[in-house]
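Please open the model in your viewer and keep the selection panel at hand, since each stop on this tour begins with something to select.

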Amino acid sequence: MRRLNFHHLHYFWAVAKEGNLTRAADALHVSQSALSTQIRVLEEQLGHVLFIRSGRSLRLTEAGQLVLDYADTIFALGSELQTTLQNTRQASQTLRIGAVATLSRNFQENLLRPFLGREGLRITLESGSVDELLERLALHKLDVVLTNKAVSADSQRTWQCRLLDRQAVCLIGPPREDAHPFDLRRDLQQARLIVPGRSSDVRSQFEVYCNSHGVQPDICAEVDDMAMLRLLARDSGDIALLPAVVVQDELRSGALELYAEVPDIAERFYAVTLQRQFNLNILDEMFGGPRAHDVK
């Protein structure tokens, strides 16, 4: 059996990702005919048809999907090898972090604070959806993804998900003149609340709490972005439902006050990495604290 031609495999991989021969040819700077020829050679070598034409697009056959899974792994490992060996030649190290757009900026800064200003370390931080960031992690374009939802491994991705922290969710608002403690069942019923959006796990937990205790608060705003939730909590005069870390500076200054922790509700912060052939020592250092736990 002839050795697999990785040049042909790369051409197949590009077409499979694009789903279109013309776009793939443009990206690879080759003609469509040359690209088609290379893929036919690969199909002949493997003994299976890899694509079925569907209109102007190409659809993977079952064999094609299997080859794509292997190609993803092969080229991701190649990218990891190149990045790792480049870092060994350089005096500096780069830590590439992706964080879901809804994640608290304060939590991210607290996590990174021990590494800021470290000699020889460059940190890149980008935000996006969890799916976008995991795709970049799979291609070894990121070293870790920070998220507030656990991610499970599957047949194609050997994600490693660690619980970094668990933050109680609180009711926080402007300083109160009333000296009596905030009573959840009594005062929550009358409160005007700013809450996370319906896609948030915190929001789901809060609705379960309210339904269980027969409470119907007045929800005046729903906000997906934690940075905006922080601003509204600070400036609106209403009560916000959020982890205290989101408004830690305002709590320290006295601009906001913590009224009460809501029982049995917490936001969890996770770090997702991909199983690697070469471990990054700085990630081991970041996850080495007593609150970092593997999620099974």
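Begin by selecting strand S7, helix H8 (residues 201-213) and strand S8, which together form a right-handed β-α-β unit; bear in mind throughout that this is a predicted model. With the helix hidden, turn to the two strands, S7 (residues 192-196) and S8 (residues 218-223), which run parallel and are joined by five bridges. To look at one of these pairings, pick Ile-194, whose bridge partner in S8 is Ala-221.

Next, colour the chain by domain: domain 1 covers 6-84, domain 2 is made of 90-165 + 270-287, and domain 3 covers 167-265. If you place a centre on the C-alpha atoms of domain 1 and another on those of domain 2, the two centres lie 29 Å apart.

Now move to helix H2, residues 21-28, and display the side chains of Leu-21, Ala-24, Ala-25 and Leu-28, which are buried. Looking down the axis of H2, you will find that its buried residues fall within an arc of 100°, so they line one face of the helix. To see what covers these buried residues, add the surrounding elements, which include helix H1 (6-18) and helix H3 (32-46) as well as strand S1 (51-54) and strand S2 (57-60).

Finally, inspect both ends of H2. At the N-terminal end the cap is Asn-20, which places a side-chain oxygen 2.9 Å from the backbone nitrogen of Thr-22. Just after the helix, select His-29 and read its backbone torsions, where phi is positive, at about 60°.

Conventions
Residues are numbered from 1 along each chain as its sequence is written. This is a predicted model: local features need pLDDT of at least 70, side-chain atom pairs count only at pLDDT 80 or more; totals for chains, interfaces and linings use all residues. Side-chain values use heavy atoms; hydrogens and water are left out. Domain bounds come from an automatic or database domain assignment. Buried means under 20% relative accessible area, exposed over 50%, partly exposed in between (1.4 Å probe, protein chains only). Helices (H or I, at least four residues) and strands (E, at least two) are DSSP runs, numbered from the N terminus. The arc is that of the directions from the helix axis to the C-beta atoms. Contact means heavy atoms within 4.5 Å. A polar contact is a pair of N or O atoms within 3.5 Å; within protein, one must be able to donate a hydrogen and the other to accept it, and residues adjacent in sequence count only if both atoms are side-chain atoms. Two strands pair if DSSP finds at least two bridges between them. A crossover is right-handed if, with the strands pointing away from the viewer, the path from the first strand over the helix to the second runs clockwise.
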